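Open the model in your viewer and keep the sequence panel visible. This tour says what to select at each stop and what is there.

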Amino acid sequence: MRDAPREGGRPVTRVAAIDCGTNSIRLLVADADPRTGELTELDRRMTIVRLGQGVDRTGRLAPEALERTFAACRAYAEVVKEHGAERLRFVATSASRDAENRDDFVRGVLDILGVEPEVITGGQEAEFSFTGATKELTGRTDLHRPFLVVDIGGGSTEFVVGDDHVRAARSVDVGCVRMTERHLVRDGVVTDPPTEDRIAAMRADIEAALDHAEETVPLREAHTLVGLAGSVTTVSAIAQDLPAYDSGAIHHSRVSRDRVREITEWLLRSTHAERAAVPSLHPGRVDVIGAGALVLLSIMERTGAEEVVVSEHDILDGIAWSVA
């Protein structure tokens with residue numbers, strides 16, 4: 001395979017990475033220079049497809065969820081082609097790991113994009129997330145190591161502790177979609193707002209998952225908490241009272257534990273209409289952001305972290321580096 005365009009005499013590889021999770025599917029096209037560690041972003045986009053709709057209850061991917069995902073894949077195929085990416089890697093996470101009919105998903109993606117989705121393990125997911133989030137933090141003197149990277153997804157949350165490399169990692173089945181469907185949905189409708197007993201049950205579920213994660217990952221030994229994915233970035237956007245979602249303002253922002261608690265409490269007692277009126281909140285997250293924020297708050301309280309460093313660079317960037 002030929003080298004990508006050269007900059008200053010250095011070979012650069014143009015790569016594409018797709019991360020298909022429980023709630024969203026995301027694309028990154030970038031030029032990667034392994035010699036300098038630079039990843040130059042050309043296109044990054046996200047589509048809410050809710051692939052994990054009902055998986056926790058039925059064990060299967062719903063036909064309408066598959067079609068939403070395939071529609072996004074068709075759009076992404078055009079973007080990859082337009083940019084002339086040489087290499088493409090498609091990684092699928094929690095929902096497709098759990099589904100009985102994941103072969104339907106695999107065949108559909110292969111037909112559209114020409115690559116077979118890799119249904120990775122939670123451990124692999126954690127490795128990619130850590131690399132994506134911390135590669136650019138090398139040399140930062142204001143952030144003390146080791147890092148605890150937490151990637152709060154729709155179906156699962158990954159915990160990774162490491163310095164330059166991963167020391168310990170664990171994935172647990174706690175995410176914003178899974179917790180919402182398990183505790184906050186009755187008769188197909190999200191409780192609006194949820195009762196205190198439902199919030200307590202959800203919190204107990206999260207705490208049990210943290211106990212499970214702590215069997216493998218020394219959560220309390222880390223000095224810097226780095227938070228990834230939509231629940232965390234949305235909390236940062238709300239904390240900053242942004243007039244619209246702004247990746248530049250969110251990336252490497254810091255949110256205190258007290259502020260996370262205030263936002264979580266408001267989200268869990270607000271109505272759908274009140275949450276939908278928040279300008280920086282994506283419509284696809286309106287019903288699940290309360291659960292996602294509670295996962296983040298529970299992690300901060302468990303670890304004693306006074307703040308979370310928010311990163312827009314995550315598993316997608318790690319996947320891109322694995323291709324390069």
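The stops below visit two packed helices and then one residue in a strand.

This is a predicted model, in which local features need pLDDT of at least 70 and side-chain atom pairs count only at pLDDT 80 or more, while totals for chains, interfaces and linings use all residues. Residues are numbered from 1 along each chain as its sequence is written, and side-chain values use heavy atoms, with hydrogens and water left out.

**Stop 1: helix α8**

Select residues 230-239, which form helix α8. Helices here are DSSP runs of H or I with at least four residues, strands are runs of E with at least two, and both are numbered from the N terminus. How many of the 10 residues of α8 are buried? Nine are, so α8 is mostly covered; buried means under 20% relative accessible area, exposed over 50%, and partly exposed in between, with a 1.4 Å probe and protein chains only. Among the buried residues are G230, V232 and V235. Now select D241, just after α8: this residue takes a positive phi of about 55°.

**Stop 2: helix α10**

Add residues 257-269, helix α10. The end C-alpha atoms of α10 are 18 Å apart, which agrees with the 18 Å that its 13 residues should span at 1.5 Å a residue (the expected span is 1.5 Å times one less than the number of residues). Colour R257, V260, I263, T264, L267 and L268, the buried residues of α10. They cover an arc of only 125° around the axis, which puts them on the same side of α10; the arc is that of the directions from the helix axis to the C-beta atoms. On the other side, D258 and R269 are exposed. The cover over the buried residues includes α7 (196-214), α8 and α12 (289-303).

**Stop 3: where the two helices meet**

Show α8 and α10 together. Their axes are 10 Å apart, at an angle of about 100°, and are therefore roughly perpendicular (65 to 115 degrees). Which residues of α8 meet α10? V235, I238 and A239 do, and their partners in α10 are R259, V260, I263 and L267; contact means heavy atoms within 4.5 Å. By class, this contact has six nonpolar residues, no polar and one charged.

**Stop 4: V149**

Finally, select V149 in strand β7 (residues 147-152). V149 counts as buried because its relative accessibility is 1%. Leaving aside residues up to four places away in sequence, V149 touches several residues, including F130, F159 and L228.

Key. Axes fitted to C-alpha atoms, helices over the stretch in contact; angles between N-to-C directions. Parallel < 35°, antiparallel > 145°, perpendicular 65-115°, else oblique. Nonpolar A, V, L, I, M, F, W, Y, C, P; charged D, E, K, R; others polar.
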